[in-house]
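Colleague: I'm new to reading protein models. Could you walk me through this one, step by step?

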Amino acid sequence: MRRAYDALGRYLNDQTQVVFAARLTGLKAPVTTAKPEGTLSQTSGVSWVPYTNYLPFHGQVMQLDTSPVPLADDDPVVPGSIVGLGLFCAKELRPEDRLEFADDELDAYGMPAIRVHYGLTDADRQTLEHAKGEIVRLGQAVGQPLDDAPILLPLGASLHYQGTTRMGSVDDGTCVCDPDSQVWGVSGLVVAGNNVIPTSTAANPTLTSVALAVRGARRIARSFDESGA
Ligand SMILES: Cc1cc2nc3c(=O)[nH]c(=O)nc-3n(C[C@H](O)[C@H](O)[C@H](O)COP(=O)(O)OP(=O)(O)OC[C@H]3O[C@@H](n4cnc5c(N)ncnc54)[C@H](O)[C@@H]3O)c2cc1C
């Protein structure tokens, strides 16, 4: 059995996430109400709070003026004045966080049913506690918090699943493909997507996946050039 299969479906990674909301105070209502419904205010957008060793999370401060759900009891409020804060935490990676396909059970699509084995380590819980404290501090820094405590979203809620065909530089049983996405030992089989990201990330992963896929695609293109195909 190839070593790559030891890692297949393992090292499942998602970013645990805490969210909070605050109201920016002292904003004036727009002078005109002529804008069509759903138009973003001029101040709308997302600000990022960068990951650091001291703050091991990736943060987003998001203006929510097009939110379809009421954000505060006294909605409608000044557009752009309610901000959502989210912190994505980097998780400790472990082979036991994994997907298991059943031999004798099918899912709604008729495919082998998936069971997810996934949990937090003590270090993950510490990071989360740290994030909970920081997000309240962030909320207080930007305005008036709407709640007393932040909300911890359920595991998997960030939708940033990664790692189950992770890449690595050596076929040592901890990775499925090489840095160009070529699956170890199966010539011509390449994989792409969040699943190849091998490290514990905290930021939104799609751009990283695309960059890695481009690298793999260049290798395929080079191989055609070299073979004259
Ligand atoms: C509401 C929402 C908001 C998000 N916002 C962000 C964001 O702001 N930034 C960010 O980085 N990420 C965001 N994400 C996550 C983002 O969607 C993923 O990071 C990205 O799509 C992952 O790309 P992927 O190629 O790994 O997987 P996918 O995009 O899920 O692609 C997998 C593809 O495989 C196909 N497929 C599955 N099974 C089979 C099969 N058996 N046969 C053939 N095809 C199959 C699927 O149809 C799908 O097209 C968001 C996700 C959601 C749901």
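**Ligand and cores**

Modeller: Happily! Keep in mind that this is a predicted model. Let's start at the ligand, where a nitrogen atom of the ligand is 3.4 Å from an N or O atom in the side chain of N204.

Colleague: Which residues offer an N or O atom to an oxygen atom of the ligand through the side chain, and which through a polar backbone atom?

Modeller: A polar contact here is a pair of N or O atoms within 3.5 Å. The side chain of N194 has an N or O atom 2.8 Å from a ligand oxygen, while P205 brings a polar backbone atom 3.4 Å from an oxygen of the ligand. Taken alone, the ligand exposes 1,000 Å², and the protein buries 28% of that.

Colleague: What classes of residue make up the shell around the ligand?

Modeller: Three are nonpolar, six are polar and none is charged. Among the residues around the ligand are M111, L159, H160 and T206.

Colleague: How should I read a nonpolar core?

Modeller: In soluble globular proteins, nonpolar side chains tend to be buried together. In this model the largest nonpolar core has 15 residues, and V18, F57, L85, L87, A131 and I135 touch the most other members. At least two residues of this core come from each of β1 (16-23), β3 (57-63), β4 (82-89) and α2 (122-142).

Colleague: What does L87 touch?

Modeller: Leaving aside residues up to four places away in sequence, its contacts include V18, F57, A131, I135 and L138. There is also a second, separate core of 10 residues, with A7, Y11, V196 and I197 among them.

Definitions and conventions
Residues are numbered from 1 along each chain as its sequence is written. This is a predicted model: local features need pLDDT of at least 70, side-chain atom pairs count only at pLDDT 80 or more; totals for chains, interfaces and linings use all residues. Side-chain values use heavy atoms; hydrogens and water are left out. A residue is near a molecule or strand if one of its heavy atoms lies within 4 Å of it. A polar contact is a pair of N or O atoms within 3.5 Å; within protein, one must be able to donate a hydrogen and the other to accept it, and residues adjacent in sequence count only if both atoms are side-chain atoms. Accessible areas come from the Shrake-Rupley method with a 1.4 Å probe; for residues, only the protein chains shown count as cover. Ala, Val, Leu, Ile, Met, Phe, Trp, Tyr, Cys and Pro count as nonpolar, Asp, Glu, Lys and Arg as charged, and the others, Gly among them, as polar. A nonpolar core is a set of buried Ala, Val, Leu, Ile, Met, Phe, Trp, Tyr and Cys residues joined through side-chain atoms within 4.5 Å. Buried means under 20% relative accessible area, exposed over 50%, partly exposed in between (1.4 Å probe, protein chains only). Helices (H or I, at least four residues) and strands (E, at least two) are DSSP runs, numbered from the N terminus. Contact means heavy atoms within 4.5 Å.
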